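Me: Hi! I have a structure open and I'd like to go through it with you. Can we start with how to spot a disulfide?

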Amino acid sequence: MKAIPRTLGAPFHAVRRRAALGAAAAAACTAMVLGGFAVSAAQAAEPAAIDDIILLTGADESQRVVNWYASASTAQVVQVAPTNSIKKGQFPANATVFPAVVSANTVNGGYNGHSVITGLSENVKYSYRVGGDGGWSEAHAFKTRKFDGNFDFLFFGDPQIGSSGNVPKDQAGWEDTLEVAVGANPEAELLVSGGDQVETANVESQWTAFLAPEELRSVPWVATIGNHDVGGKAYEQHLWTPNTDRSPKHYRGNPAAQSGGDYWFTYKDVLFIDLNSNAYTASAEPGVDADEAHIGYVSDVIAEHGDEAKYTVLVYHHSIYSPASHANDSDAQERRRDFPTAFSELGVDLVLQGHDHSYSRSYLIRNGEKANPDEQPGADSVFQGPGGVVYVTANSASGSKYYDLTAPRVGSDFGPDPLNPASHWANSVEDQEHVRSYVKVSVRDEHLQVENIRSGTCAAPNAAVELGQESWCGPDEGASPAQPVGSVVDQVVIHRYDETRGPRGGATAPAVTTQQDDVTITTID
């Protein structure tokens with residue numbers, strides 16, 4: 001592992017900082033100056049080739065992380081400057097340099113690097129590039145927003161590039177979804193993963209296709225590990241995460257051969273906690289139950305940071321209330337026993353999940369049961385109440401694979417809904433149309449709004465349909481025509497519960513409403 005000594009500590013806007021080479025290297029050869037960073041002539045002769053750049057979340061809204069692959073373990077940095085200071089493509093001499101940690105890849109050869117960009121100012125567009133060893137990558141840009149108040153983020157289920165058997169088609173659907181989603185929501189501040197970035201953990205051609213969209217270099221990606229990512233170290237090589245606990249109890253297998261860990265970060269008024277749900281029952285730490293370890297981790301993070309946040313959002317891959325092929329898997333049954341009561345008692349507001357390549361949105365669930373027996377299927381406005389949690393499962397964002405809805409099993413722990421026997425008891429909405437979609441979450445002072453939005457139609461790019469892996473496409477199992485891109489599949493406003501004030505600061509919750517065709521979209525003030 002190689003790191004340039006860190007000399008940065010003051011806020012970005014307060015002090016311009018530079019990294020320096022060691023005295024021995026400076027004495028050995030003539031120094032060249034590139035954008036304020038000293039580079040030796042020997043280093044400049046053979047700069048590392050940089051690729052697979054991705055912008056990731058940091059520990060809070062004032063940070064970003066850049067992750068990349070490199071051909072050599074040179075002295076690499078990330079150079080950052082306000083975009084309006086760059087003239088004719090040249091970074092200014094006083095551009096800020098952030099040191100990098102460059103490590104040899106455990107799999108697939110080469111090296112991976114990451115750099116934590118700290119001290120960002122709000123409402124500024126920044127440009128950045130990777131290099132400093134005699135060469136630079138292409139420059140990319142991101143924009144910070146206000147560091148408090150309302151914001152939107154987007155949630156994506158299972159791109160799973162390669163699962164259709166045709167990587168280029170999967171990539172095309174994934175690129176189109178991100179272009180559509182970010183194009184329709186240009187102020188979205190985070191792109192959140194539901195896991196399964198790729199089909200096969202250590203296949204770099206799939207990672208290259210996953211990383212192709214330019215949006216992944218302009219809006220921070222919030223990584224989540226899925227069962228298709230876990231079987232090797234490529235996930236950790238590509239996707240650095242903040243505040244990560246990589247102790248064996250958060251892994252199911254050998255941590256030296258798998259990716260994993262639990263992590264958390266805050267963003268404005270939201271505490272995000274991301275779990276490695278591949279680890280359940282017996283963990284890699286002898287005698288430790290992984291689900292108990294996850295609950296302990298969530299408990300500790302909320303105890304330490306929960307008072308700083310208005311909402312707590314959990315993210316993990318394996319959905320516990322999904323409506324399709326994985327609905328009754330033994331591990332789903334185990335998590336249904338282990339998680340819901342703890343999450344209610346801990347005050348979790350929203351749980352985002354993937355894995356089942358279909359969409360569902362639960363009723364408000366308290367302690368593993370429907371919180372309000374009178375909440376109607378498809379209600380577009382719900383009032384949280386103490387311990388109420390909404391669980392969302394995202395459909396495929398790439399179109400590489402879909403799973404059809406399954407019938408609830410009578411007599412099981414996930415049987416039919418008395419109000420809608422075709423659906424599982426926990427779910428207010430279940431949907432599969434064999435078209436790509438994503439979830440938009442709007443964070444507001446007194447509510448969260450969740451929308452499932454179509455990012456494609458039955459037409460290409462839609463790999464599973466194009467390749468004949470699905471025999472129908474569109475609503476009502478193909479009986480109705482596909483709806484246009486940008487149309488809303490489902491929408492709900494979750495009114496926040498405050499134990500000191502009740503719903504909406506003491507207002508009485510009105511009667512539960514049913515889903516409406518006309519959706520009112522809230523906007524950022």
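Reply: Sure! A disulfide here is a pair of cysteine sulfur atoms within 2.5 Å. Keep in mind that this is a predicted model.

Me: OK, how many disulfides does that rule count?

Reply: The count comes to one disulfide. C458 and C473 form it, with their sulfur atoms 2.1 Å apart.

Me: And is that disulfide left-handed or right-handed?

Reply: The torsion about the S-S bond of C458 and C473 is about -100°, so this disulfide is left-handed.

Me: Where do C458 and C473 sit?

Reply: C458 is in the loop between β28 (447-454) and α9 (463-466), while C473 is in the loop between α9 and β29 (488-495). The pair therefore ties together parts that are 15 residues apart in sequence.

Me: Is C473 buried or exposed?

Reply: C473 is buried, at a relative accessible area of 15%. Its partner C458 has 26% and is partly exposed. The cut-off for buried is under 20%, so C458 does not make it.

Me: Nice. New topic: what empty space is there inside, and how many cavities are 30 Å³ or more?

Reply: There are two cavities of 30 Å³ or more. The largest has a volume of about 60 Å³, and the second largest holds about 30 Å³ of space.

Me: Which residues line the largest cavity?

Reply: Its lining is I225, Y235, E236, L239, T241, T244, R246, G260, G261, Y263, D274 and L275. By type, that lining divides into five nonpolar, four polar and three charged residues.

Me: What about the second largest cavity, what lines that?

Reply: There you'll find Y359, N395, D431, E433, V435, S437, N452 and V489. Three residues of that lining are nonpolar, three are polar and two are charged.

Me: Great. Now the sheet with β10 in it: what order do the strands come in?

Reply: The order is β7-β6-β10-β11, four strands making an open sheet with antiparallel pairing.

Me: Which strands stand at the edges?

Reply: β7 (96-99) and β11 (140-143) do. Each has a single partner strand, so one side of each has no neighbour in the sheet. On average, neighbouring strands of this sheet are turned by 30° against each other, ignoring direction.

Me: How many bridges join β10 to β11?

Reply: Four bridges join them, and the two strands run antiparallel, with β10 covering residues 125-131.

Me: Which residue in β11 stands opposite K125?

Reply: That would be K143.

Note on methods:
Residues numbered from 1 in each chain as written. Predicted model: local features only at pLDDT ≥ 70, side-chain atom pairs only at ≥ 80, totals over all residues. Heavy atoms only, no water. 1 Å grid on protein atoms, 1.4 Å probe; cavity = no way out; pocket = protein on both sides within 12 Å on 5 of 7 lines; lining within 4 Å. Points joined across faces, edges and corners; volume = space filled by probe spheres on them. Nonpolar A, V, L, I, M, F, W, Y, C, P; charged D, E, K, R; others polar. Pairing = 2+ DSSP bridges. Axes fitted to C-alpha atoms, helices over the stretch in contact; angles between N-to-C directions. Buried < 20%, exposed > 50% of the residue type's maximum accessible area, 1.4 Å probe, protein only.
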